[in-house]
Amino acid sequence: MLLGFKTQLPLNNKQRTLAARHAGVARHAYNWGLAICKQAVEAKQKLPTAKVLRTAAANDLHKRLVAEVKKANPWYYEVSKCAPQQALRNLEQALKRWRSGQGRFPRFKRKGVRESFYLESNIRISGNCLKVPIFGWLRCAELLPTVTPKNVVISLRAGRWYISFKYEAPPPQVEKTGDVVGVDLGVNRLATCSNGEMFALRAASANDNPKPYRKAQKRLVRLQRRVSRKQKGSANRKKAVAQLARAHKRVADLRLDNLHKVTSYLAKKYRVVVIEDLQVQNLLKNYRLAGSLAVRVSGTESFCGFYEFRRQLEYKAQLYGCQLVVVDRFYPSSQLCSRCGHRQKMLLHQRVFRCERCGLELDRDLNAALNLVQWYLATCSKAYGPLSRSRGSDACGDPSGGVVGVNSATSHGSQKQEESRDATNTALSQIGVFVSVS
């Protein structure tokens, strides 16, 4: 399986200067190619090649770059040829995504914002050192896997340089201790499982959802105010901007560390994980939720990281032999009673589910997680029996693990689901999931 590895590079002054030159050449080549393509689009002309999806071809742009730009800018010859070549390939991919409707039109890159460049060939690893073209041997912040990567990407984030590469590795053998679990994502708590587990690392208690940005908001406001008071172009302003970038980087690292711990735990422990297909963009339209879900900082950055949570679960499910089942977004998991199946409206401020038919009182997120498990057992599981204990087993028929998306729009409160609820509850009790709470 193809895995990624990323670590910090403690570069010296000479290496930092060389890395900045590579990043500058890559940025210049990208902006030069984008200017040509943008001019052609605005004039309604054909892009400089273009048979596939009628987008600019990186090879044709690179030929023009060598003929027109390199001769006029001799500093192109001070860096590796891989940096501008890969920048034009990235531009080609961005234009393909724009043509196919998967993204917006590419924008010009700015100096100091997400700087990166690409190197390939003659890469060697020894302990915590890595040899790359032009730079030679570089010392890394930690031990590297004993592999031979074909290429690397060196990037700059908040004043620190990082190196990343991909390598082939066999999937790890993990012994599963749990069968099936439903996971409901929320604002108050990051994740609530159907067996009663609640995940909220780095929070005051297990009932709180860690929101690193909200906790660091006062400090970020103070640092931003310092930046605004500095004179533009001054050395003090550059120092203030670097300090603000490090503070934002720490917030992002805390959020990412929390998500990695939770998703790794779920993928390693359970054979089947059932989640909902949440549309975060629609949730942000509700002004009562938008303040807790996301904040506009260079785009949309989620406090809770719902999209990142699902993205990590998808690739970790394949890595650890877990089956990830994604329930249709219109399934009313928060409105159904997990004991009798009665459906009733639930407002956002109601955190406890009180069934009007059977009198069940249960936490709102826990009730939703139980409904996800019951839906899986009633829809995907064969005969509603306990799952097989072989590694990577799947009741839906895919033994290799991965992601299964099921459209449940036609089964909301259906008669078949009501009739099979008793059998489903029996299966839940066999796999250790409680259904009735006094």
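Me: Which residues point one way from β14, and which the other way?

Reply: In a regular strand, side chains alternate between the two faces of the sheet. In this predicted model, Gln 323, Val 325 and Val 327 point one way from β14, while Leu 324 and Val 326 point the other way. The residues on both sides are all buried.

Me: Why is strand β14 described as largely enclosed by the rest of the structure?

Reply: A residue is taken as buried when its relative accessible area is under 20%. Strand β14 covers residues 323-327, and five of its five residues are buried, so the strand is largely enclosed by the rest of the structure.

Me: In which sense do β11 and β14 pair, and over how many bridges?

Reply: Strands of a sheet pair through backbone hydrogen bonds, and the pairing may be parallel or antiparallel. Strand β11, residues 270-276, pairs with β14 in the parallel sense over five bridges. At one position, Val 325 in β14 has Val 274 opposite to it.

Me: What is the strand order in the open sheet of four strands?

Reply: The order is β1-β7-β6-β2, and the pairing is antiparallel. The edges are occupied by β1 (2-9) and β2 (115-120); each has a single partner strand, so one side of each is left without a neighbour in the sheet. On average, neighbouring strands of this sheet are turned by 20 degrees against each other, with direction ignored.

Me: How many bridges join β2 and β6?

Reply: Strand β6 spans residues 151-157, and its antiparallel pairing with β2 runs over six bridges. Within this pairing, Ser 155 in β6 stands opposite Ser 116.

Me: Which strands form the open sheet of three?

Reply: This sheet has the order β3-β4-β5, again with antiparallel pairing. Its edge strands, β3 (124-126) and β5 (136-139), each pair on one side only. Here the average turn between neighbouring strands is 25 degrees, direction ignored. Strand β4, residues 129-132, is joined to β5 by four bridges in an antiparallel arrangement. One residue pair to locate is Cys 129 with its bridge partner Arg 139 in β5.

Me: How many residues does helix α3 have, and what distance does the helix reach?

Reply: The span of a helix can be compared with the one expected at 1.5 Å a residue. Helix α3, residues 82-99, has 18 residues and reaches 26 Å from its first C-alpha to its last, close to the expected 26 Å. After α3 comes Gly 101, whose phi is positive, near 80 degrees.

Me: What covers the buried residues of α3?

Reply: The buried residues of α3 include Cys 82, Ala 83, Pro 84, Leu 88, Leu 91 and Leu 95. Gln 85, Gln 86 and Glu 92 are also among the buried residues. Their cover includes α1 (13-42), α2 (58-69) and β2.

Me: How many helices and strands does the whole chain have?

Reply: The secondary structure comprises twelve helices and 17 strands. Of the 438 residues in the chain, 47% are buried. Among contacts with a separation of 6 or more, 66% come from residues 24 or more positions apart. The accessible surface comes to about 23,700 Å², and carbon and sulfur atoms account for 49% of it.

Me: What pLDDT does the chain average, and where is the pLDDT below 50?

Reply: The average pLDDT is 79, and 76% of the residues score at least 70. The pLDDT is below 50 over residues 201-208, a stretch with 23 contacts in the model beyond near neighbours in sequence. Residues 295-302 also have a pLDDT below 50, with 14 such contacts.

Terms used
Residues numbered from 1 in each chain as written. Heavy atoms only, no water. Pairing = 2+ DSSP bridges. Helix = DSSP H or I, 4+ residues; strand = E, 2+ residues; numbered from the N terminus. Axes fitted to C-alpha atoms, helices over the stretch in contact; angles between N-to-C directions. Buried < 20%, exposed > 50% of the residue type's maximum accessible area, 1.4 Å probe, protein only. Contact = heavy atoms within 4.5 Å. Areas by Shrake-Rupley, 256 points an atom, 1.4 Å probe, with all protein chains shown as cover. Expected span 1.5 Å × (residues − 1). pLDDT = per-residue confidence, 0-100.
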